[in-house]
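Reader: I would like a close look at one part of this structure, namely a small sheet and what lies around it. Please take it strand by strand, and keep the reasoning explicit where a term such as buried is used.

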Protein chains: 2
Amino acid sequence: MLDELRSRLLEIDDLVAAGYLLSWDQATYMPNGGARARGRQGATLHRLAHEQLVDPAMGALLDGLQSHADALPPDSDDASLIRVARRDFEKAIKVPSDYVARANALGAASYDAWTRARPANDFPTMRPFLEQTLELSREYAGFFAPYDHIADPLIDDADEGMTTASIRKLFSELRRELVPLVRAISDQPQADDSCLHGAFGEQAQFELGLAVAAKMGYDLERGRLDRTHHPFCTKFSADDVRITTRVYAGDVARALFSTLHEAGHALYEQGVAPVLEGTPLGKGASAGVHESQSRLWENVVGRSRRFWRHFYPMLQSTFPDQLGRVRLETFYRAINKVERSLIRADADEVTYNLHVMLRFDLELDLLEGRLRVADLPEAWRAGMQAALGLAPPDDRDGCLQDVHWYSGGIGGAFQSYTIGNVLSAQLYAAALKAHPQIPSEIESGEFNTLHAWLKDHLYRHGRKYRPDEIIERTAGKFSVHPYLAYLRAKYGEIYRLPPTRQ
Amino acid sequence: MLDELRSRLLEIDDLVAAGYLLSWDQATYMPNGGARARGRQGATLHRLAHEQLVDPAMGALLDGLQSHADALPPDSDDASLIRVARRDFEKAIKVPSDYVARANALGAASYDAWTRARPANDFPTMRPFLEQTLELSREYAGFFAPYDHIADPLIDDADEGMTTASIRKLFSELRRELVPLVRAISDQPQADDSCLHGAFGEQAQFELGLAVAAKMGYDLERGRLDRTHHPFCTKFSADDVRITTRVYAGDVARALFSTLHEAGHALYEQGVAPVLEGTPLGKGASAGVHESQSRLWENVVGRSRRFWRHFYPMLQSTFPDQLGRVRLETFYRAINKVERSLIRADADEVTYNLHVMLRFDLELDLLEGRLRVADLPEAWRAGMQAALGLAPPDDRDGCLQDVHWYSGGIGGAFQSYTIGNVLSAQLYAAALKAHPQIPSEIESGEFNTLHAWLKDHLYRHGRKYRPDEIIERTAGKFSVHPYLAYLRAKYGEIYRLPPTRQ
């Protein structure tokens, strides 16, 4: 019976993986003409996977296996498989197939419209899409009633175990520290990041990022890097985890850190134990835990001084005309410049979370019905003014900037970024506690100890443990303190801030 | 009910298209590690598509639509759709699902083994695979008993309406002319093709082939060219038809003609009427008719003197050091050099069909049980000696050279190449009869008239007509004479042969 379950789950996994390949291809090599049919093909695979998952035979199998699962140690692979498969099944059967079809169709149409509306700064075109998306998100939440807050089911999908209440508490703790930190930094002389801007060969940038990712442990026999507009990491199997990046000739930092960010996601997926492959356990624990790995490798490691003590000479020799005479310290401050800005995706480590909080608050307002879609642009401007002291001149760099709301759902997407930031520091601190030599290894361009520790404590377990469980096993109870300590220490030093009272 | 049929067929088409993308990716960009899961994923999609096709509900729908079809003009889109869907259904239900699974599994394992066994010249490893494949092919034919010859069902799959008897007749007509033609050519002074060999930049070769294909009419908004080991054309939708090529720095002709060959296939698929998309009518009429288009564009057009009168200066300016001082006539003779050789895929237009006939005869012997797999290497050498007067020194360049037998089936694959050769000349002659200005247009690098005629008479109809019907509508009854006349005229001139008696 367990074999039958595995075989059904594998079939679903195959359909999902094929769907991911359709998306990867669309984002990398597909000719323009292919878009129309591709949307339909992706929807078909998605629908078939959903139909297989909600098949009553699946429910009967899971019922039949329950006593077997109960007799096993709860953290055995088999008990975990049955438990997680049941959780996915219970969620999926609450969502009618016609809803899935409607949501897919709207998501595709809305995304397509957004790709044109954003550059055209055309919020009015997106307004009806967004109104329908909001209704669909509310309808989706309704399938999981009762709940404490309408956003709870949406948050739980991305970050199992988190709720509106727990995120609000987290955000309020963070805000209390981040707002004064941003203010203190902005009172100091600004870092000069002009060394990052100029003319940098795109192919050289691409190859450099890939070489650094490979040094971190990204296995190119089981992965590859391609160019795209919106970088992402995608997994077709345990042995085929791909990343994408975008390259700007005028900015040497963006492609590099985008590549390291996606490589962090890929290290996680490449590190899942092979035995979990093709099952619902064979991927990262949650969106937030996943983001912790992209942030750990991009920021905690990739924007550290020790990291660049090793890699800066390589970067300089790649771009001798542009960087040959720029000091390491100048470069280090440039890549860690803190600045209030309009675009979340380009924001620095310190202000980034304020962007996330604005979106989270607006999502709650929309879902609760306190904010109308028509009033979103103005609410965005007001929120940016309050959070960061500047407002976008248009919607393109305002409420149209992120794809999330325009490709399928409102609620539950943004909090993962901040959870990831917080966890990145907590996990790194735990790794350091176990292996104090990690920083000096990084300074030699070695990442084996850190990578092996993460793989052993986090990656290999996939989705076997709940996010809070795996974090607690690995790094103790979820806490903002390591993250705040990390930011205070790093940016206190860079911006020469006076020591803060604890 | 017709809508229900269309919707079911569209779902099958989506699964098949996703499977094609899995294969394309495997042949182009997939990292090595991805192979294991990819095989399984492709098999899953293939199996699901087969299950959908043989669903009893499909049979009931087709039954229910029969009276509707009978009331329509037979060549209306709807009547054709119902007719062809029924034909596919009737064939598919004869094949048990467990057979499909066994054949897929064996095909994948055999192909995988062959990729190593061929370079290692290791026939003994492939022998058990080939024995099982032969058994499976015989078993497959058995599903369609009674038949006149065991190869008939296999041939009909690729070239509907053709039989062992009709192919034998065709081959005997061809052989009667080709053997003396090859002999007469080999009595003449050989062409010098040294100008094709040297050091030619790979990227420049790649781009040149693509530019020429685009000039022929290959629409790059709906297609693209990538590099691979074994070139092919694949279709994900009417608006996404891709080709691949391989490039050799040491040979300027191979990538170019491989690209034009695949572009011929792609012109056909890009030309199918949009209204047929996503149905069983939305692709080429048969393997042989498809091959006629790759051969027409690669050989009849692409290896003609008029074609190169236009394109040779472009080639020379791409490779001025290598070709700047080589005369057009020298180049023309080099790309049309006739030579008895070991490898089918590299054979010239005249000897090519002799390679095909050898394989066809061996397939019949194997299927009829007159030849044991163990004796195949020796039978191959004897056959090559008889047909071409030379025998391979090893199995690598003998019976291991083609992928076909080692990736799923024996019987029914090779005849299409020769049918394509024959049809390429017949169709071109018909186009010329309608539009005598085509050769002079080609000489100006213009292909619109030829392309439009082919699109209107052949491409747009997809699979609406049977192969023999569409050929008869377009170019009269299937005949070898235009092809033989084409070869005699072209090679008689190149090799200065005495005129033959008709």
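Author: What follows goes through the sheet of chain A, then a residue in the matching region of the text for chain B, and then some further places in chain A. The model is predicted, and everything below should be read with that in view.

The sheet in chain A is an open one of 3 strands, in the order E1-E3-E2, and its pairing is mixed. E1 and E2 of chain A are the edge strands, each pairing on one side only, and neighbouring strands of this sheet are turned against each other by 30 degrees on average, with direction ignored. The mixed pairing can be followed from one strand to the next: strand E1, residues 225-227 of chain A, runs parallel to E3(A) and is joined to it by 3 bridges, whereas strand E2, residues 233-237 of chain A, pairs with E3(A) in the antiparallel sense over 4 bridges. On the parallel side, Asp226(A) has Thr244(A) as its bridge partner in E3(A), and Arg227(A) has Thr245(A). On the antiparallel side, Thr234(A) finds its bridge partner in Arg242(A) of E3(A), and E2(A) and E3(A) together form a hairpin with 2 residues between them.

Strand E3 of chain A, residues 240-245, is mostly covered, since 6 of its 6 residues are buried. In a regular strand the side chains alternate between the two faces of the sheet. Both faces of E3(A) are covered: Asp240(A), Arg242(A) and Thr244(A) are buried on one side, and Val241(A), Ile243(A) and Thr245(A) are buried on the other.

A helix also meets this sheet, for H1(A) lies across E1, E2 and E3 of chain A and runs at about 140 degrees to E2(A). Helix H1, residues 2-28 of chain A, packs as well with helix H4, residues 77-93 of chain A, at an angle of about 55 degrees and with the axes 12 Å apart; H1(A) and H4(A) are therefore oblique to each other. The crossing in which H1(A) passes H4(A) is left-handed, and the residues that meet there are Leu2(A), Leu5(A), Arg6(A) and Leu9(A) from H1(A) and Asp78(A), Leu81(A), Ile82(A) and Ala85(A) from H4(A).

In chain B, Thr244(B) can be examined by itself. Thr244(B) is placed in strand E3, residues 240-245 of chain B, and Thr244(B) counts as buried because its relative accessibility is 0%, where the cut-off is under 20%. A polar atom of the side chain of Thr244(B) lies 2.8 Å from the backbone nitrogen of Phe232(B). Beyond its neighbours within four places in sequence, Thr244(B) is in contact with several residues, among them Trp24(B), Thr28(B), Leu225(B), Asp226(B), Phe232(B) and Glu262(B). By contrast with these contacts, the C-alpha atoms of Thr244(B) and Asp88(B), 156 residues apart along the chain, are separated by 29 Å.

One further residue of chain A, His149(A), lies in a loop, between helix H6 (123-142) and helix H7 (152-158). With a relative accessible area of 12%, His149(A) is buried. Its side chain reaches the backbone nitrogen of Ala151(A) at 2.9 Å, and the side chain of His149(A) also makes a polar contact of 3.4 Å with the side chain of Thr164(A). Not counting residues up to four places away in sequence, His149(A) touches Thr164(A), Arg168(A), Leu364(A) and Glu368(A).

Definitions and conventions. Residues numbered from 1 in each chain as written. Chains lettered and ligands numbered in written order. Predicted model: local features only at pLDDT ≥ 70, side-chain atom pairs only at ≥ 80, totals over all residues. Heavy atoms only, no water. Buried < 20%, exposed > 50% of the residue type's maximum accessible area, 1.4 Å probe, protein only. Contact = heavy atoms within 4.5 Å. Polar contact = N/O pair within 3.5 Å; in protein donor to acceptor, adjacent residues only side chain to side chain. Pairing = 2+ DSSP bridges. Axes fitted to C-alpha atoms, helices over the stretch in contact; angles between N-to-C directions. Parallel < 35°, antiparallel > 145°, perpendicular 65-115°, else oblique. Left-handed = near helix turned anticlockwise from the far one by under 90°.
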